Amino acid sequence: VVNAFSDTVTPIQTTTNQAGPPIRVGALPVAIAVTPDGSRAFVVDSGSPGTVTPIRTATNQAGRPIPVGDTPEGIVITPDGATAYVADADGMIVPIRLATGTAGTPISVGPPNSAGGPYRLAITPDGSTVYVANRARGTVIPISTATETAGHPIKVGRGPVDLAVTPSGRTVYVVNARSGTVTPIRTASNTAGQAIKIGKGAASVVARPTGKSVYVVNYLAGTVTRIRTANHKVGWPTPVGRGPALMAVTPNGSQAYVLHSEMHGSHKLLNTVTPVRLGITRAEKPIAAGDAITVGSEPTAIAITPDGKIAYVASG
């Protein structure tokens with residue numbers, strides 16, 4: 001668990017749910033990614049100057065911080081565990097060779113984040129391409145990991161804020177908050193398909209592990225909407241309560257958990273997570289939401305264990 005204001009990371013042993021001693025990292029840690037083999041974690045420290053701090057999970061010892069830019073804000077790791085890509089608020093994506101802990105040449109993808117620049121990252125399952133959502137320009141930029149060069153920007157809707165890659169790696173779905181749409185991108189050609197109407201307030205998207213559906217969380221409407229990947233048909237929005245922000249799906253794809261941030265307009269912090277039974281339903285039928293589960297105040301993130309038995313919610 002990343003603790004932004006104490007400059008630490010807290011390890012939790014999932015067999016006992018006991019917290020270990022906090023691990024000191026850099027200033028203002030905001031994101032974390034773990035290598036596929038689970039041996040190391042890399043923490044994005046957004047304080048100036050920005051760094052990435054490696055942690056050995058076997059010993060929970062932090063290594064030497066890696067300089068990456070002024071204000072890093074996101075990270076993805078390739079499936080082979082060889083390279084991490086870090087989004088910096090100055091409009092750069094910084095590759096890091098994880099074996100040596102050295103940063104490569106930054107890749108320019110857009111204007112500084114003060115103008116709404118790079119925000120979300122996603123990587124294809126084969127590790128060949130990193131996709132970067134650029135809010136300011138309404139585009140998604142593909143980066144080839146083989147050459148570490150940015151391709152031509154792909155025009156999507158206004159204000160792209162989140163994106164998800166299907167398990168097959170064939171399609172990237174991009175949530176355009178200001179347009180109220182979701183844009184599918186074919187990864188083989190890096191071309192955008194016809195925008196799918198969801199409604200203003202769309203905030204995030206997650207792909208079901210089966211690959212048959214993606215789900216869009218609508219913050220303003222308080223709903224979750226299913227999109228079939230085969231034909232992009234939109235199902236009925238399912239009410240889940242006010243202020244939904246993020247959603248996590250169990251590895252078998254049967255259950256999801258929606259995290260609520262605050263009531264729209266009132267800025268009243270919520271403290272609930274809504275379970276959603278995905279099951280096997282047609283796109284025309286609404287999916288079923290269960291009763292909200294009370295958690296700590298101001299929940300900000302959620303993660304599910306690989307066996308799908310426990311979800312952990314971090315509360316601010």
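**An all-strand chain, two of its sheets and a pocket**

The protein chain holds zero helices and 36 strands, where helices (H or I, at least four residues) and strands (E, at least two) are DSSP runs numbered from the N terminus. This is a predicted model, in which local features need pLDDT of at least 70 and side-chain atom pairs count only at pLDDT 80 or more, while totals for chains, interfaces and linings use all residues. Residues are numbered from 1 along each chain as its sequence is written, and side-chain values use heavy atoms, with hydrogens and water left out.

Turning to overall form, the C-alpha atoms of the protein chain fill a box of roughly 50 × 45 × 35 Å along the principal axes. The radius of gyration of the protein chain is 19 Å, which agrees with the value near 20 Å for a compact globule because the chain has 316 residues; this radius is taken over C-alpha atoms, and the globule rule is 2.2 Å times the number of residues to the power 0.38. Of the 316 residues, 48% are buried, that is, under 20% relative accessible area with a 1.4 Å probe and protein chains only, as against exposed at over 50% and partly exposed in between.

Strands of a sheet pair through backbone hydrogen bonds, either parallel or antiparallel. Here two strands count as paired if DSSP finds at least two bridges between them. One open sheet has three strands in the order β1-β2-β5, with antiparallel pairing, and its edge strands, β1 (2-3) and β5 (23-24), each pair on one side only. Between β1 and β2 (residues 8-9) there are two bridges in the antiparallel sense, and Asn3 has Thr8 in β2 as its bridge partner.

Another open sheet, of four strands, runs in the order β26-β27-β28-β29, again with antiparallel pairing; the edge strands β26 (202-207) and β29 (238-239) each pair on one side only. Six bridges join β27 (residues 213-218) to β28 (residues 223-228) in the antiparallel sense, and Arg228 in β28 is the bridge partner of Ser213.

The second largest pocket encloses about 230 Å³ of space. Of the 16 residues that line this pocket, the closest to its centre are Tyr257, Ile293, Lys309, Ile310 and Ala311. A pocket is an open set of points on a 1 Å grid over the protein atoms alone, where a 1.4 Å probe fits, with protein on both sides within 12 Å along at least five of seven lines, and lining residues have an atom within 4 Å of a point. The strands β31 (255-260), β35 (299-304) and β36 (311-315) each supply at least two residues of this lining.

Methods. Points joined across faces, edges and corners; volume = space filled by probe spheres on them.
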